[in-house]
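Open the model in a viewer and keep the selection panel at hand. The stops below go from the whole chain to a few side chains.

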Amino acid sequence: MRTRLLAVAGFAICFLAVAAPTFAHHAWRGYDMKNFTTLKGTVTGFDFGNPHVWMNLDVKDDKGNIEKWSAGGPSPSRMANSGWTKDTLHPGDEISVVGNRITDGTLKLRLSKVVLSNGRELTCYGNQSGP
């Protein structure tokens, strides 16, 4: 009986160890990965932290109204490989962002690249379209 209990416990531990990475990460579900959106706005926040880098932007719509957008990228370590640091963006910076808009109608974007006011382009995944 004890051997059987140890075997079941060992199997459960092995199963959880193999399954853990599946639950630990997610895909960019719900984003329109076939079309790119370009926005120009003012940075209001920049969080260069795990698990994903996020920035907030004020973007003027066609009528001049301010829309509050959020744009997310990969992990800081992955973005650092493309030249990003925690000091790349600051509130008040004027930037353009290119990415995939979420399909639920909220103002969220999965970043592909950012163009700084000086024209410097920074990719988020090492290439234009991401992973």
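Accessible areas here come from the Shrake-Rupley method with a 1.4 Å probe. Keep in mind that this is a predicted model.

**Stop 1: the surface.** Select the whole protein and show its surface. About 8,400 Å² is exposed, and carbon and sulfur atoms supply 57% of that area. Of the 131 residues, 33% count as buried.

**Stop 2: the cartoon.** Switch to a cartoon and colour by secondary structure. Two helices and six strands make up the secondary structure of the protein. Followed along the sequence, the pattern reads α-β-β-β-α-β-β-β.

**Stop 3: the contacts.** Display a contact map if the viewer offers one. Among contacts with a separation of 6 or more, 52% are accounted for by residues 24 or more positions apart.

**Stop 4: the aromatic rings.** How many aromatic pairs does a search of the whole structure find? The search finds two. Select Phe46 and Phe48, whose ring centres are 5.9 Å apart and whose planes stand at 40°, so this pair is tilted. The tilted class covers plane angles that are neither under 30 degrees nor over 60.

**Stop 5: accessibility of that pair.** Are Phe46 and Phe48 buried or partly exposed? Phe46 has 18% relative accessibility and therefore counts as buried, the cut-off being under 20%. Phe48, with a relative accessible area of 22%, is partly exposed.

**Stop 6: the cluster.** Add Trp84 to the selection. Trp84 forms one aromatic cluster with Phe46 and Phe48.

Conventions
Residues are numbered from 1 along each chain as its sequence is written. This is a predicted model: local features need pLDDT of at least 70, side-chain atom pairs count only at pLDDT 80 or more; totals for chains, interfaces and linings use all residues. Side-chain values use heavy atoms; hydrogens and water are left out. Rings of Phe, Tyr and Trp (its six-membered ring) pair if their centres lie within 6.5 Å; planes under 30 degrees apart count as stacked, over 60 as edge-to-face and the rest as tilted. Buried means under 20% relative accessible area, exposed over 50%, partly exposed in between (1.4 Å probe, protein chains only). Helices (H or I, at least four residues) and strands (E, at least two) are DSSP runs, numbered from the N terminus. Contact means heavy atoms within 4.5 Å.
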